[in-house]
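User: I would like to learn how to read helix packing from a set of coordinates. Could you take me through it step by step?

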Amino acid sequence: MKKLTGYVPLARKMKGVAGRSQAVKVSLFLLMAYLFLWVPDLDFLFLGILHHRSIITHSVFPALVFMFLGWRIGAAPIAGALVGLAVHLSCDLLSPMVGYAKIWLPAP
């Protein structure tokens with residue numbers, strides 16, 4: 001882990017949470033992966049402000065926010081959240097980009 005800390009700034013802050021069994025770590029990983037499958041679709045709550053598939057919610061921005069705010073909870077939940085976001089965004093890449101399914105960028 002010492003070699004990794006020089007390249008990844010969060011690796012120095014990431015804590016190995018003592019006392020968690022392997023089953024708890026796997027459960028947290030799966031729970032966060034499932035919850036973060038739905039995070040990019042939070043733009044449905046803000047349709048007056050954002051379009052569906054806005055660049056704010058359908059990018060790496062939610063992952064970065066979660067990584068910087070949640071680094072104390074351990075590596076397993078963060079990894080699960082990143083997997084959930086990655087699966088959602090990769091599924092959006094495979095859907096047709098017509099009509100309602102277009103990815104919207106902010107106006108210049």
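Analyst: What follows goes from the chain as a whole to single helices and then to helix pairs. Please keep in mind that this is a predicted model.

User: Which secondary structure elements does the chain contain, and in what order do they run from the N terminus?

Analyst: The chain has five helices and zero strands, so that, read from the N terminus on, its elements run α-α-α-α-α by the DSSP assignment. Of its 108 residues, 30% count as buried, and among the contacts with a separation of 6 or more, 64% join residues 24 or more positions apart.

User: What span should helix α3 have, and what does the model show?

Analyst: The expected span follows from a rise of 1.5 Å a residue; because α3 comprises 15 residues (22-36), it should span 21 Å, and its end C-alpha atoms are indeed 21 Å apart, which agrees. For α5, with 20 residues, the first and last C-alpha atoms lie 29 Å apart, close to the 28 Å expected at that rise.

User: Which residues of α3 are buried, and which exposed residues lie on the face turned away from them?

Analyst: The buried residues of α3 are M32, A33 and F36. These cover an arc of only 105° around the axis, which means that they sit on the same side of α3. The face turned away from this buried side carries the exposed residues A23 and L30, while the cover over the buried residues includes α4 (61-69) and α5 (75-94).

User: How is the packing of two helices described, and what are the values for α3 and α5?

Analyst: Two packed helices are described by the angle between their axes and the distance between the axes. Here α3 and α5 pack at an angle of about 30°, with their axes 7 Å apart. Because angles under 35 degrees count as roughly parallel, α3 is roughly parallel to α5. Their crossing is right-handed, and the contact is made by K25, L28, F29, M32, A33 and F36 of α3 together with residues of α5 including A76, P77, G80, G84 and L85.

User: Which helices help to cover the buried residues of α5, and at what angle do α4 and α5 pack?

Analyst: The buried residues of α5 include A76, I78, A81, H88 and D92, and what covers the buried set includes α3 and α4. The angle between α4 and α5 is about 175°, with the axes 10 Å apart, which means that α4 is roughly antiparallel to α5. In this pair, P62, A63, F66 and M67 of α4 meet P77, I78, A81, L82 and L85 of α5.

Conventions:
Residues numbered from 1 in each chain as written. Predicted model: local features only at pLDDT ≥ 70, side-chain atom pairs only at ≥ 80, totals over all residues. Heavy atoms only, no water. Helix = DSSP H or I, 4+ residues; strand = E, 2+ residues; numbered from the N terminus. Expected span 1.5 Å × (residues − 1). Buried < 20%, exposed > 50% of the residue type's maximum accessible area, 1.4 Å probe, protein only. Arc of directions from axis to C-beta. Contact = heavy atoms within 4.5 Å. Axes fitted to C-alpha atoms, helices over the stretch in contact; angles between N-to-C directions. Parallel < 35°, antiparallel > 145°, perpendicular 65-115°, else oblique. Left-handed = near helix turned anticlockwise from the far one by under 90°.
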